[in-house]
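Notebook open, coffee poured. Today I'm going through side-chain contacts, rings to begin with and charges after that.

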Amino acid sequence: MMDLSNIFNSISFVIPEIALSITIVLTVLFDLIFDKDKKIIPYIVLVGLLVTGYFVFAQMDFANFGFTVGDEKYGMFTLDGFSNYFKIIILVTTIIIIFFSSHSNEIIKTFDRSGEYYALLLGMALGMMFMVSASDLILIYLSVELLSLSSYVLTGFTKLSERNAEASLKYLIYGSVSSGLMLFGISIVYGLTGTTNLYELNTLLQAGSINLTTLGFSLILIFVGIGYKISAAPFHFWTPDVYEGAPISITAYLSVASKAAGFALLIRFIKTSFVSYTDASGNWHLLGIFDWQTLLIIIAILTMTLGNFSALSQSNLKRMLAYSSIAHAGYLLLGLAVLSDQGLLAVLIYFFIYMIMNLGAFFIVNLIANKINSEDIHDYDGIGYTSPLLGVSLAIFLVSLTGLPPTAGFIAKLYLFIALVDANMITVAVIALLNTVVSLYYYVRVLKHMYLNKANESTQAVIPTLQPRIIVLALVIPVLLFGIYFTPIVSFAQNCLNILTK
Amino acid sequence: MIEVGLNHYLAVSSILFALGIYGVITRKNAVMVLMGVELILNAANINFVAFSRYSNFGINGQVYALFVIILAAAEAAIALAIVLNIYKTYANVNVDEINKLKE
């Protein structure tokens, strides 16, 4: 008889995930039983998410290895400050997306299928919550697939337009190929080391006697899978098409939550498997078997440059924001490439702020698209005067995405550049700075259309009702507030720097 | 009579992997592309089982292969649904012709 006590003990670590799973089941059941009252489904989902959030907060100070087998110390699941930080980001994003969906025309038109929509959305959230805690390559693969399978369906969910169907096909093909490559990489790592656990992998790699060429090959295959999730170049080709074709609420969700989960995965993978020790000043010292730093710097520079320069010529706002999110993935990768606690702090702060400003920008594009049925930048002529609230808010979000003071985006970039300069990566910092200058052009181009171009006869006033107005304000005010008073985010992120290692 | 060993299995899995990649890149029909993906997944499966059988790693690898088989089935179901949706919209499933979003 196998000893199952470890598993029973570990169940308390996955209470948030269990709560989320129960919410999914309830959503599906409610959708089937009460066919007439679909309006209540979002509220059930919301309550489920809040309960999940409560459980995440309740285990905020935990630092445990969960689901160990036998006498082994390390398990498949790791609970630490770092994973909780990302779980909170994922849950907050999901809650905002629930509100977001109830004001998106594309989703409202498919109202009779809204049970499926919310169940799949929660499926994505569940996959991501496991991703940020996974410390075993197989759990990583399973959670990535759980996230991907739900998001393929949601991308083509509305079936209203050709671009919707096309986006889901493209997402499916790119996604399944890259996760297949990742799985092949995992199988080779398993063959080389006999383990899929990240901590044991670290021990075995420290001991040496592993064929480095084969290992490097398999690591690159695994990086393909993760790089596709965070849309890093050269695995970013799906991003603009999928972001443009998907319903806007899903685009926003993919660009924030799914990217956050991918980054959490990458950071944990590198920190637990390839860092031999962390010194007193917080620098991570890599094992000498695979030079992650060079790879990350090259990918980061490639990603941000490609993202920023491709965004310059876009006239569809959704597509432009897609390229901008690629560029932001580049900045975030630089924060990771520093390979120190300071760099990690910069990444955590950046993500929190990126979440607010990116969701805000997508929400306003959504509200305007609801009315004028277009995301084309030329239809935004003079909209700043006809719809003052949305115009000013979009301006604030875009300025924040550029990274100019006094918005929160400036704080995010500031911490990132300080981390880069402290690590003596001056050249890289200069390249990132020049990239920011390039990004100013395409963000400000939207402002020019909104404020300097005259409103023509086709310009319509977009006056949102009370609830969307409150959501917009709830996103704008933090962007301005955190630009001036950013201590809460910084101290919160500092408390969550702890990544459990051996 | 040759003894079938780990290397034989690895050779088969590498060939399957290469064929899968080749299929994904060259095929125009979306269903054929998805078959290429299945080949990649099965290549990984053969690796898992072979490594588990010919080494002293325990049976973990064989269990992973079971997980992957289930996931591949789920993925195939979703993929075919999406391809069906494409067929309804475009009346063909040629991946080269579905490019309205590129500018």
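**Entry: a tyrosine and its partner**

I looked up Y9(B) and got 36% relative accessibility, so I log Y9(B) as partly exposed. This is a predicted model, so I keep that in mind for every value here. Next I ran the aromatic search on the whole structure, and it gave 39 pairs over all chains. One of them joins Y9(B) to Y54(B): the ring centres are 5.7 Å apart and the planes make 40 degrees, which puts the pair in the tilted class. In sequence the two are 45 residues apart, with Y9(B) in helix α1 (residues 6-26) of chain B and Y54(B) in helix α2 (residues 30-54) of chain B. I checked the partner as well: Y54(B) has a relative accessible area of 34%, so Y54(B) is also partly exposed.

**Entry: charges over rings**

Y54(B) came up again, with R53(B) over the face of the ring at 5.3 Å from its centre. In chain A, I found K413(A) over the face of Y331(A), 4.6 Å from the ring centre.

**Entry: a cluster in chain A**

Which residues make up the aromatic cluster I noted in chain A? I wrote down F82(A), Y85(A), F86(A), F263(A), F351(A), Y354(A) and F492(A), which form one cluster.

**Entry: salt bridges**

Side chains of opposite charge can pair when their charged atoms come close. My count came to 11 salt bridges over all chains.

I picked out K100(B) with E162(A), where the closest N and O atoms are 2.8 Å apart. This pair crosses between chains: K100(B) sits in the segment after α3 (60-90) of chain B, and E162(A) in helix α8 (residues 162-193) of chain A. K100(B) is exposed at 53% relative accessible area, while E162(A) is partly exposed at 31%.

Then I turned to R319(A). R319(A) meets D241(A) in a salt bridge, 3.0 Å from N to O. The two are 78 residues apart, R319(A) in helix α14 (residues 317-337) of chain A and D241(A) in helix α11 (residues 238-245) of chain A. Are they buried or exposed? Both R319(A) and D241(A) are buried.

R319(A) has a salt bridge to E244(A) too, with the closest N and O atoms 2.8 Å apart. E244(A) lies in helix α11 of chain A and R319(A) in helix α14 of chain A, so this pair ties together parts 75 residues apart in sequence. I get 4% relative accessible area for R319(A) and 8% for E244(A), which therefore counts as buried. Through shared partners, salt bridges join E166(A), K170(A), D241(A), E244(A) and R319(A) into one network.

Terms used
Residues are numbered from 1 along each chain as its sequence is written. Chains are lettered from A and ligands numbered from 1 in the order in which they are written. This is a predicted model: local features need pLDDT of at least 70, side-chain atom pairs count only at pLDDT 80 or more; totals for chains, interfaces and linings use all residues. Side-chain values use heavy atoms; hydrogens and water are left out. Rings of Phe, Tyr and Trp (its six-membered ring) pair if their centres lie within 6.5 Å; planes under 30 degrees apart count as stacked, over 60 as edge-to-face and the rest as tilted. Helices (H or I, at least four residues) and strands (E, at least two) are DSSP runs, numbered from the N terminus. Buried means under 20% relative accessible area, exposed over 50%, partly exposed in between (1.4 Å probe, protein chains only). A charge sits over a ring if NZ of Lys or CZ of Arg is within 6 Å of the ring centre and within 35 degrees of the ring normal. A salt bridge is a side-chain nitrogen of Lys or Arg within 4 Å of a carboxyl oxygen of Asp or Glu.
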